[in-house]
Amino acid sequence: MCTSIAMTTNDFYFGRNMDLDYHFGERIVLTPRNYPIEFRKAGSMENHYAILGMAAVAENYPLYAEAMNEKGLCIAGLQFPDNAFYPDAEESCKYNVSPFELTLWILGKCASADEAEKLLSETNIVNIPFSKEMPLTSLHWHIADSKRSLTLEVTKKGTNLCDNPVGVLTNNPPFEFHMTNLCNYMNLTPEYPQNRLSSKIELIPYGNGFGAIGLPGDYSPSARFVKTVFMKFNSECECNNDSSVSQFFHIMEAVSVVRGCVINNENKLSVTTYSCCMNATKGYYYYKTYSNSRLTAVDMFRENLDDHCLKEFPLMEEQSVLWLS
């Protein structure tokens, strides 16, 4: 369970809710331009674009859940169980890249969604786990810049890279279903509703919000997709960074998972472990966790992007309160 959004006001914003029943050693990680990145089958990158995002670090290798690069290109991997299928066969005419390498592969090399689309046409996503102890996660990906959003899915039918016109992604079923399902909600509106039941009956709404009756509010991927699209395209904020970031997190909160409300098939409690918002234009990464609702941020361009070492920022998990007196 996860939700991602790409949104543009004065700047380009990208982020997600991470909905899990566990932590994976996540922290904010900066991969500077000169940190060498080794790929299992696709060679190495000694120099590349700087990358900032949420990752676990294993054997000095940053395993990003979502990230942006210094050029404003963003990517997030979202759970795609039972649908994701990574083939074992390598292709000699393409770059063979594992799913755990994909974020570094794209963000290290590409400055835009257009460049990512071209690189992915030359890339074969192949079944290579990080290690025996760390198998691959079933994912599909949301890739975006200020001009385009893309969805990448690898299933038994093959690789499908398509435009994402709404700039939203959740989980199962495949993206094509979610876009078709939106047609079931074409009558939703934020406006004060008109009586269409019958002109012979005088009906007056007894409150506001009646235009959105039927908007799904459960935690299923399809419901979160519809609700997020509705809020993204109907919400309004001022065109400055503070207002945009605040609005972004309000949308994320509306589809976040409260502890105890979702119990998975292993009888574990899923929650939104963290929510993040990246101002990819300015290189700001904001986040809050389930236990700490105060925003914490890292500014990519205040760091040494020409360094040769990873820089890690541990999560601020303890609730932070500003006490007034």
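This report describes the two largest pockets of a predicted model and a sheet with its helices.

## Basis of the model

Local features of this predicted model need pLDDT of at least 70 and side-chain atom pairs count only at pLDDT 80 or more, while totals for chains, interfaces and linings use all residues. Residues are numbered from 1 along each chain as its sequence is written, and side-chain values use heavy atoms, without hydrogens and water.

## Largest pocket

The largest pocket (an open set of points on a 1 Å grid over the protein atoms alone where a 1.4 Å probe fits, with protein on both sides within 12 Å along at least five of seven lines) has a volume of about 600 Å³. Its lining, meaning residues with an atom within 4 Å of a point, holds 25 residues, with Phe24, Leu63, Tyr64, Thr137 and Leu139 nearest the centre. Strand 8 (strands are DSSP E runs of at least two residues, helices H or I runs of at least four) contributes the most, four residues. By class, the lining has 20 nonpolar, four polar and one charged residues.

## Second largest pocket

The second largest pocket has a volume of about 500 Å³. Among its 19 lining residues, Asp21, Gln79, Asn264, Asn265 and Ser270 lie nearest the centre. Strand 2 and helix 4 (221-234) each give two or more residues to this lining, which divides into seven nonpolar, six polar and six charged residues.

## Sheet and helices

Six strands form an open antiparallel sheet in the order 14-1-2-15-16-17, where pairing requires at least two DSSP bridges between two strands. Strand 14 (168-169) and strand 17 (296-299) are the edges. Two bridges join strand 1 to strand 14, and Ile5 has Val168 as its bridge partner in strand 14.

Technical notes
Grid points are joined across faces, edges and corners, and a volume is the space filled by probe spheres set on the points. Ala, Val, Leu, Ile, Met, Phe, Trp, Tyr, Cys and Pro count as nonpolar, Asp, Glu, Lys and Arg as charged, and the others, Gly among them, as polar.
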